[in-house]
Amino acid sequence: MGMAAETQFHVLAVDDSLIDRMLIERLLKTSSFHVTAVDSASKALKFLGLVEDELRTFDTHVVASEIHQDVDVNLIITDYCMPEMTGYDLLRKIKESKSLKDIPVVIMSSENVPSRINRCLEEGAEEFFLKPVQQSDVNKLKPHLLKSRVKEEQDQPINNKRKGMEESHSPDKTRLKCSI
């Protein structure tokens, strides 16, 4: 069970509709994702620590940055049409954030509007799902999650990459072997 906990991906699901939120949460959990569900884009931003960034002064900005590093979200799936802030607005805020821009974002909508779909994809959304979201849609998320995990590992400082390496000595030089 410890192995499953290590490889489990954390998805933040955002939808103002309770029924749609429960559906996406159930589909994600069926696929062994850890899910946090919120009912608005502003609550998603608060969960990610972005709202705090805007309200803090320069001196405490470092503390705000630590907040969203502690929240380990691997993917955000959001409804497009929500009151106050749309899923598109949420997407833009995430992609503008230095610390969150690499988190994959998927938009969902019950309306099939090609210009809306294209705008979201051009702004950085990984996918655009039409509601009701189905298990086949959820199955499309894994490659985006794996790609983001590889990117996270590549972005780590060199010292952290060396954790999985062991030294092997030869008579004339020292070699590092990577244990992957």
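The largest cavity in this predicted model has a volume of about 40 Å³, a cavity being a set of points on a 1 Å grid over the protein atoms alone where a 1.4 Å probe fits but cannot get out, and a volume being the space filled by probe spheres set on the points. A search of the whole structure finds one cavity of 30 Å³ or more. Asp20, Leu23, Ile24, Met108, Lys131, Pro132 and Val133 form the lining, where lining residues have an atom within 4 Å of a point; five are nonpolar, none polar and two charged. Helix H2 (residues 18–30) supplies the largest share, three residues.

Residues are numbered from 1 along each chain as its sequence is written. Local features need pLDDT of at least 70 and side-chain atom pairs count only at pLDDT 80 or more, while totals for chains, interfaces and linings use all residues, and side-chain values use heavy atoms, with hydrogens and water left out.

The largest nonpolar core (buried nonpolar residues joined through side-chain atoms within 4.5 Å) comprises 25 residues, with Leu12, Val14, Ile76, Leu90, Ile107 and Cys120 among those having the most contacts inside it. Another core, of 17 residues, lies apart from it and includes Phe33 and Met108.

In helix H7 (114–122), Arg116, Ile117 and Cys120 are buried (under 20% relative accessible area, against over 50% for exposed, with a 1.4 Å probe and protein chains only). These three residues cover an arc of only 100° around the axis, and therefore lie on the same side of H7, whereas Pro114, Ser115 and Glu122 are exposed on the other side.

Technical notes. On a 1 Å grid over the protein atoms alone, a cavity is a set of points where a 1.4 Å probe fits but cannot get out, and a pocket is an open set with protein on both sides within 12 Å along at least five of seven lines; lining residues have an atom within 4 Å of a point. Helices (H or I, at least four residues) and strands (E, at least two) are DSSP runs, numbered from the N terminus. Ala, Val, Leu, Ile, Met, Phe, Trp, Tyr, Cys and Pro count as nonpolar, Asp, Glu, Lys and Arg as charged, and the others, Gly among them, as polar. The arc is that of the directions from the helix axis to the C-beta atoms.
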